[in-house]
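Have the sequence and the 3D view open side by side, and let's walk through this one together. We'll go from cysteines to hollow spaces to a spot on the surface.

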Amino acid sequence: MTSSPLPSLPAHVDVLIVGAGVSGIDAAYRVQSKCPDRSYAVLEARASLGGTWDLFRYPGVRADSDIYTLSFPFQPWTGENSMADGDEILDYLRRTVEEFGIDRHIHCSTKMVAADWSSEEARWTVTVERSDGADEPQRSTMTCTFLYLCTGYYDYERGHDPQFPGTESFDGTVVHPQFWPEGLDYAGKRVVVIGSGATAITVVPAMAREAAKVTMLQRTPTWISALPRKDRFAARVRRRLPAGLAHRVVRARNAAYSNAFYHYCRRFPDRARALLTRAAERRIGEEAVREHFTPSYAPWDQRVCITADADLFKAIRREEVEVVTDHVDRFVAEGVRLRSGRVLPADIVVTATGLRMLAFGHVAVSVDGEPVEPARHLLWRGAMLSDVPNFALCFGYVNLSWTMRADLTARLVCRVLNHMRRADLAAVTPPAESGVREQPMIELASGYVQRGVESFPRQGHRAPWRMRQTYLLDTADIARARLRRELRGVPHSSVRSAGATVRTGG
């Protein structure tokens with residue numbers, strides 16, 4: 001059986017969006033609705049759209065924030081669950097691209113590997129690899145005027161591997177959630193899940209429904225909050241209001257609640273600690289909380305994880321799940337040996353040990369042949385890199401649903417595009433400023449952040465280089481942006497025209 005050939009790429013587009021996950025789909029909708037005179041295309045390296053929600057296939061995969069803020073403001077969520085499962089979210093994304101005709105602009109199995117800006121021609125030349133699965137990837141190039149990376153902030157090709165000693169001696173199966181094997185049978189098996197982050201807290205109770213026993217092995221405790229899978233407030237509002245208005249009301253309410261809780265934790269850490277501790281004690285008792293669910297750090301120094309319908313706590317109470325706080329010494333034939341000397345017997349070990357952060361999604365970006373190193377640049381308004389022309393990238397919130405910030409960024413990018421059209425500019429660049437104190441872009445103590453944040457763009461201590469991590473303040477900051485003052489423009493009259501071609505081959 002032969003695969004059908006991939007549809008041809010356009011030779012040139014005004015806006016090239018990289019990534020067909022939540023961010024890329026949102027960006028595509030904003031470009032086609034706010035900049036209807038601009039041509040665009042979306043490149044997706046995977047064989048299908050969905051990004052995170054197409055990649056992760058582990059048991060119980062779901063959103064770790066409510067779906068009303070994770071979903072798009074222009075496409076009401078009509079499902080029953082507020083803490084939506086992965087397949088529900090993927091179906092929602094597919095319906096969205098079909099309803100708005102975005103699917104006609106998406107090119108799957110098309111991986112961008114390089115992008116070089118030409119100041120002389122005021123355009124990007126991008127190199128892509130395309131494969132239909134049957135043949136070796138074929139390289140080709142195309143051009144675009146504006147490049148918008150919506151590839152997320154972690155590595156789709158590799159997860160974090162702590163290199164546990166002795167894995168080759170283990171008689172069972174080792175799997176990483178990012179690369180879950182299809183058809184893995186864990187019914188009646190002994191499972192050890194290494195980790196206590198959002199993935200572990202999701203996968204542990206899901207596997208416990210069929211496994212003989214699941215052990216969650218953590219080095220240190222994590223703050224966990226229980227939220228209902230169904231939102232009663234949303235259900236009442238949806239019964240009384242039209243779908244679009246109900247969606248906006250619930251989205252605004254949930255965003256305000258999540259943001260208020262985050263700032264409460266940051267301002268009153270002792271009170272937040274006591275609040276989360278008491279809630280957990282009501283579920284599983286004081287002793288278990290004291291031993292396994294009392295982190296040394298304050299809530300939201302690292303992300304507070306969510307257990308939907310308290311399913312993790314319920315599984316612990318039913319004794320389907322055991323929590324062990326210790327360090328891995330090494331793998332042995334029968335399971336995992338701990339520093340304490342105890343051996344956790346296992347047929348399957350799930351290494352939920354975290355993600356690898358990646359700024360540009362394996363794309364080599366350069367300007368006039370000079371490589372762009374993300375950490376050497378400031379992020380203007382959370383969207384564009386200092387001194388890099390016609391280039392934007394999407395970083396969502398870490399303390400709120402990703403989509404809230406992604407949509408703000410997409411709308412700002414459209415403002416920039418329309419500003420370029422009105423001012424007859426071929427290129428715009430946020431110029432670097434002196435006197436700006438640089439800070440990490442993500443201010444969390446989580447291990448995955450600390451491992452990778454130094455290779456990411458930086459933020460500054462003040463506008464327009466500061467990301468507030470507060471939706472209302474960021475909305476106001478972006479509305480106040482003075483594009484003529486903050487962006488350096490290059491008029492079309494000073495740029496040499498170039499023909500747009502697609503060149504295939506090596």
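Search the whole structure for disulfides and you come up with zero. Keep in mind that this is a predicted model. Why does Cys265 have no such bond? Its closest cysteine sulfur belongs to Cys305, and at 13 Å that is too far for a bond, since a disulfide needs two cysteine sulfur atoms within 2.5 Å. Cys394 has a cysteine sulfur 5.1 Å away, in Cys150, but that too is too far for a bond. As for where these two sit, Cys265 is buried, because its relative accessibility is 1%. Cys394 counts as buried as well, with a relative accessible area of 2%, and the cut-off for that word is under 20%.

Now for the hollow spaces. How many cavities of 30 Å³ or more are there? The count comes to three. The largest cavity takes up about 70 Å³. Its lining includes the arginines Arg381, Arg405 and Arg466, along with Asp474, Asp477 and Ile478. Gly382, Ala463, Pro464 and Met467 line this cavity too. Which helix gives the most to that lining? Look at α13, residues 471–479, which supplies three residues.

Pockets are open, unlike cavities. The second largest pocket holds about 880 Å³ of space. It is lined by 36 residues, and those closest to its centre are Ser225, Ala226, Leu227, Tyr257 and Ile306. Several elements give two or more residues to this lining: strand β11 (224–227) and the helices α6 (232–240), α7 and α8 (269–284). The top contributor is α8, with six residues.

Helix α7 runs over residues 243–267, and Leu245 is part of it. Is Leu245 buried, exposed or partly exposed? With a relative accessible area of 35%, Leu245 is partly exposed. Together with Leu241 and Val249, Leu245 makes a nonpolar patch on the surface, and the accessible area of the three adds up to about 190 Å².

One last stop is Met441, in the loop that links β25 (438–440) to α12 (447–452). Although Met441 is in a loop, its relative accessible area is 3%, so this residue is buried. If you'd like to trace a distance on screen, try Met441 and Thr409: they are 32 residues apart in sequence, and their C-alpha atoms lie 15 Å apart in space.

Methods
Residues are numbered from 1 along each chain as its sequence is written. This is a predicted model: local features need pLDDT of at least 70, side-chain atom pairs count only at pLDDT 80 or more; totals for chains, interfaces and linings use all residues. Side-chain values use heavy atoms; hydrogens and water are left out. Patches are made of residues with over 30% relative accessible area and no salt bridge: like charges are joined within 9 Å, nonpolar side chains (Val, Leu, Ile, Met, Phe, Trp, Tyr) within 5 Å. Accessible areas come from the Shrake-Rupley method with a 1.4 Å probe; for residues, only the protein chains shown count as cover. A salt bridge is a side-chain nitrogen of Lys or Arg within 4 Å of a carboxyl oxygen of Asp or Glu. Helices (H or I, at least four residues) and strands (E, at least two) are DSSP runs, numbered from the N terminus. Buried means under 20% relative accessible area, exposed over 50%, partly exposed in between (1.4 Å probe, protein chains only). On a 1 Å grid over the protein atoms alone, a cavity is a set of points where a 1.4 Å probe fits but cannot get out, and a pocket is an open set with protein on both sides within 12 Å along at least five of seven lines; lining residues have an atom within 4 Å of a point. Grid points are joined across faces, edges and corners, and a volume is the space filled by probe spheres set on the points.
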